[in-house]
Amino acid sequence: MKKILFLTGTRADFGKIKSLIQILEKSSDFEVFIAVTGMHLQKEYGYTLIEIERCGFKNIHTFSNHTHETTMDLTLAKTIEGLSAFAKSVEPDMIIVHGDRVETLAGAIVGSLNNILVAHIEGGEVSGTVDELIRHSVSKLSHIHFVSNEEAGRRLLQMGEMSESVFALGSPDVDIMFSEELPTLEEAKKHYDLDFSDFAIAMFHPVTTESKHMEQYAKDFVEALLQDNHNYVVIYPNNDLGSKFILESYKKLENNPKFKIFPSLRFEYFLALLKNAQFIIGNSSAGIREAPYYGIPIINIGTRQQNRAVHADIINVDYKTESIIEALKIIDSHKISQTDQDFGNGNSASLFLEFLQNENVWEINHQKQFRDIEKQVQ
């Protein structure tokens, strides 16, 4: 029996890996462990550890990586320290990390430096911030790559990764997006006491490479929302550097009947609301990944999602209040069709299980090799 250790630090990455954890827990071939840290343990962001525990997973371990300075380097250091101790007690055969967070980098470092296979989900993608540096660093520290599409896979080959270690998995959240177990709109509204007949979703995250400007960006975003006449479900940002400015600005929305503000939403309920929203506004990856699948109009603000691979009709604007207001004036008439994005067919979990049950996966050399692109077998 192989021991698999998943690492999660945010509600977003847990939404991506949830179906993968579930399918492995049902298999007698694997023993699953989940290391939970980051935003999951912070009360101001909804203490989403509760949502993980509600899933009934067997082996959940928590450790805090929070630092009062909220700097990424110190968070990285604390995550490495906490995960390293847990990994030594579990002795996993594989550590699985997702995306481009500091926790992801910590997981890859702990695995690669302790001779443990590291599998990275959704490597090979691009973005417009420091997240891209982290994502590519994780790819170079990982032995196995579960990519969301062929384009991401080609980038990894360009980075010297071996084609034998790259597997097209799709984006695991698509499994949940079209699941028959997704709550209805009525169930989601009741769960969160929403009485809006129509609403939009607002999600605005800090951009770490533009942290000096985040206070003004947050003020401009909130001012645009206040001048608009739509109802909004507003969801807290992640806890990256600059989030305090966004949270401070959100205080202006309190006690305003047009706004319902939540630290976090359960992923399935969030999807049910997104699926029925008038549009989504902000700079969340949900506007790049999930919203186009549902055919939901998108106003994308600023640089955070710059260069992300999309095949959708998105209104891109800068951070200025005036620019956001102009986009809001036309959003109701801005209809898009469902996307043909290449992020899988909703069977990522079954593909994932199939990959891990293949003996060849476990024979991948722990000593990584760089392969020149002209030698790649494609």
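This is a friendly dialogue about reading rings, cores and empty spaces in a predicted model.

Trainee: What should I know before I start?

Mentor: Residues are numbered from 1 along each chain as its sequence is written, and side-chain values use heavy atoms, with hydrogens and water left out. Since the model is predicted, local features need pLDDT of at least 70 and side-chain atom pairs count only at pLDDT 80 or more, while totals for chains, interfaces and linings use all residues.

Trainee: How many aromatic pairs does the structure hold?

Mentor: Rings of Phe, Tyr and Trp (its six-membered ring) pair if their centres lie within 6.5 Å; planes under 30 degrees apart are stacked, over 60 edge-to-face, and the rest tilted. Here there are 17 aromatic pairs. Take Phe33 and Phe86: their ring centres are 6.5 Å apart and their planes meet at 70 degrees, so this pair is edge-to-face.

Trainee: Where in the chain do Phe33 and Phe86 sit?

Mentor: Helices (H or I, at least four residues) and strands (E, at least two) are DSSP runs, numbered from the N terminus. Phe33 belongs to strand S2 (residues 30-36) and Phe86 to helix H3 (residues 72-90), so-called distant parts of the chain, 53 residues apart.

Trainee: Are Phe33 and Phe86 buried or exposed?

Mentor: Buried means under 20% relative accessible area, exposed over 50%, and partly exposed in between (1.4 Å probe, protein chains only). Both Phe33 and Phe86 are buried. Another edge-to-face pair is Phe204 with Tyr319, at 6.5 Å centre to centre and 80 degrees between the planes. Phe204 and Tyr319 are both buried too.

Trainee: Which residues form one aromatic cluster?

Mentor: Phe6, Phe146, Phe167, Phe352 and Phe355 do.

Trainee: What lies over the face of Trp362?

Mentor: A charge sits over a ring if NZ of Lys or CZ of Arg is within 6 Å of the ring centre and within 35 degrees of the ring normal. For Trp362, that residue is Lys2, at 5.0 Å from the ring centre.

Trainee: Which residues touch the most other members of the largest nonpolar core?

Mentor: A nonpolar core is a set of buried Ala, Val, Leu, Ile, Met, Phe, Trp, Tyr and Cys residues joined through side-chain atoms within 4.5 Å. In the largest one, with 35 residues, the answer is Ile201 and Phe270. Helix H11 gives the largest share of this core, 7 residues.

Trainee: How do I read empty space, and what volume has the largest cavity?

Mentor: Rolling a probe the size of a water molecule over the atoms shows where empty space is left. On a 1 Å grid over the protein atoms alone, a cavity is a set of points where a 1.4 Å probe fits but cannot get out; a pocket is an open set with protein on both sides within 12 Å along at least five of seven lines; lining residues have an atom within 4 Å of a point. Points are joined across faces, edges and corners, and a volume is the space filled by probe spheres set on them. The largest cavity has a volume of about 790 Å³. Of its 43 lining residues, Thr10, Arg11, Ala12, Asp13 and Ser285 are closest to its centre. Helix H1 supplies the largest share of that lining, 7 residues.

Trainee: And what about the largest pocket?

Mentor: Its volume is about 400 Å³. It is lined by 17 residues, with Gln22, Ile176, Ser179, Glu181 and Glu268 nearest its centre. H1 gives the largest share of the pocket lining, 4 residues.
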